Structures are given as structure tokens and as C-alpha cells.
Amino acid sequence: MTGQITAGQFHAADGVEDWRCLYHVVSAYFPTGSLDKGIELVAEIGRLADEHEQQYLTIDLRRAGVTVSLGVRHIALARRISAAAKQLDIPADPSAVQLINVTLDALVGADVLPFWRALLGYRQLGEDYLFDPARRGPGFGLQHMDAARPQRNRLHLDVAVPHDQAEARIAAALAAGGRLVSDAHAPMWWILADAEGNEACVATWVGRE
């Protein structure tokens, strides 16, 4: 199954327990503890993914571990990567993946998006989203607002976390001095704020299908 199936269908499949859906991607983190071990895993992934599958792959290699993201919810490829990691005795840590978007509230998105596209050197996806072609920076999206709100911040972070980690992440933020602004859209997203009212959202895939 290689099409863009739903997140629910992906998570219902066997053999993908290492992976978590985050918006449009699925990611897994494999703590390796050394660069050599990480390189070994990346080399194995390069061997098992064919040329077509490699176009959906983004791999972030660090000394401590390897984050693998798939641009489509590709069950078979996810299974093969997990099997390769298991063969190398590298267990996954599903709680360690996340995806961050910067979101700007805008009255007329078409008026401001070209500026941000040029400034960031990003590429555009759809009418309201920009992405880093090198996959280094966070996504950048627009959120429509009907009227200016001068007393409210217009730039906020959206932090997509694994669906089974959202409550823990929210609890940690609240314990660190934050407050819950709204859970009206939970479990798709919760709106939190820091001590001065600056907002951020914790988001999951649940409810988006």
C-alpha cells in the first residue's frame, strides 16, 4: 500500500509500531548512540529503498540517532526500515519525533505569502503553505483571520507530536508555567499560552480525516 492513505489506516497496520503520523508525513527516530552506527543504518536504508521510494525519504543523521521521515504513508517501506533497524539492534523511540510549523495569521494571504516565500527561500505548496526544499527549517503556513487583532500575537508555533504523546507534552508545558487557552478542537489541536499570553498549538493527526 503506497498511496496517501489516512493516518488511521497507517496506524492500524501491523509492523509500523515504530512510526508516528505528523500532519502529512510519518516519522521514526532510531537512537544509535554513535555516528558510525547511524551511518550503518542510513546505508542499509539506501540499499533497501528503490529509486522511486527514495524520493519520499528524508533522513536526518546525528551522532545520537537517525530520524527518518516519509512524505507518503508508505506501510511497506516503513516496515522494511524498521526491520533493518531491528537487524542492527537499534530500537526505535516513537516519542522523540515531532514536526514544527510557524503559522502567521493574515487578513489577505495572497498579499503576504510572496514576501515570506522570498525571504525564507522556501517553495510553495497550495495557497497557504511554504516548505524548505532542503528540509532543514520548519514549515510556514498562513491562517486566515477576518479582522485585525492588535492585542493578540499573529505569529505562533504549531507543534505536531505523536498522538500518544500529546497529553504528556501539554502537561509538561502547563507545569512549566503555561496555560490552556482552548481545547475546543482537541484532539486535533490544543491552544496553549505562555505567562505573557504568547500562543502555540499542540497538534495531532487525530480528527483530521
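Which residues have the most contacts inside the largest nonpolar core?

## The nonpolar core

This is a predicted model. Its largest nonpolar core has 27 residues, and those with the most contacts inside it are Phe10, Trp19, Phe30, Val68, Leu70 and Ile81. At least two residues of this core are supplied by each of α1 (7–12), β2, α2, β4 and α4. The largest share comes from α4, with six residues. In soluble globular proteins, nonpolar side chains tend to be buried together.

Phe10 has contacts in several parts of the sequence. Leaving aside residues up to four places away in sequence, Phe10 touches Ile5, Val16, Trp19, Cys21 and Val26, and also Arg73, His74, Ile75 and Ala78.

## The four-stranded sheet

Four strands make an open sheet with antiparallel pairing, in the order β1-β2-β4-β3. β1 (20–22) and β3 (57–61) are at the edges, and each has a single partner strand, so one side of each lacks a neighbour in the sheet. On average, neighbouring strands are turned by 25° against each other, direction ignored.

Strand β2 (residues 25–31) pairs with strand β4 (residues 65–70) in the antiparallel sense, over six bridges. Within this pair, Tyr29 has Thr67 of β4 as its bridge partner. Helix α4 packs on the sheet and touches β2, β3 and β4, its direction making about 165° with that of β4. Helix α2 (residues 35–48) lies across β2, β3 and β4 and runs at about 170° to β3.

## Two buried serines

Where is Ser82 found? Ser82 belongs to helix α4 (residues 75–87). With a relative accessible area of 9%, Ser82 counts as buried, because buried means under 20%. The side chain of Ser82 makes a polar contact with the side chain of Trp19 (2.9 Å), and Trp19 is among the core residues with the most contacts. Not counting residues up to four places away in sequence, Ser82 touches Gly15, Asp18, Trp19 and Phe30.

Ser27 lies in strand β2. Ser27 is also buried, and its relative accessible area is 4%. Its side chain makes a polar contact of 2.7 Å with the side chain of Ser69. Beyond residues up to four places away in sequence, Ser27 touches Asp18, Trp19, Arg20, Leu22, Val68, Ser69 and Val97.

## The eight-stranded sheet

A further open sheet is formed by eight strands in the order β6-β7-β8-β5-β9-β12-β11-β10, and its pairing is mixed. Its edge strands are β6 (123–125) and β10 (179–182), each pairing on one side only. From one strand to the next, the twist averages 30°.

At one edge, β6 pairs with strand β7 (residues 129–131) in the antiparallel sense over three bridges. Here Arg123 stands opposite Phe131 in β7. Helix α5 (residues 109–120) packs on the sheet, where it touches β5 (99–106), β6, β7 and β8 (139–144). The direction of α5 makes about 170° with that of β8.

Helix α6 (residues 166–175) lies across β9 (155–160), β10, β11 (189–193) and β12 (199–203). Helix α6 runs at about 10° to β11.

Technical notes
Residues numbered from 1 in each chain as written. Predicted model: local features only at pLDDT ≥ 70, side-chain atom pairs only at ≥ 80, totals over all residues. Heavy atoms only, no water. Buried < 20%, exposed > 50% of the residue type's maximum accessible area, 1.4 Å probe, protein only. Polar contact = N/O pair within 3.5 Å; in protein donor to acceptor, adjacent residues only side chain to side chain. Contact = heavy atoms within 4.5 Å. Pairing = 2+ DSSP bridges. Axes fitted to C-alpha atoms, helices over the stretch in contact; angles between N-to-C directions. Core = buried A, V, L, I, M, F, W, Y, C linked by side-chain atoms within 4.5 Å.
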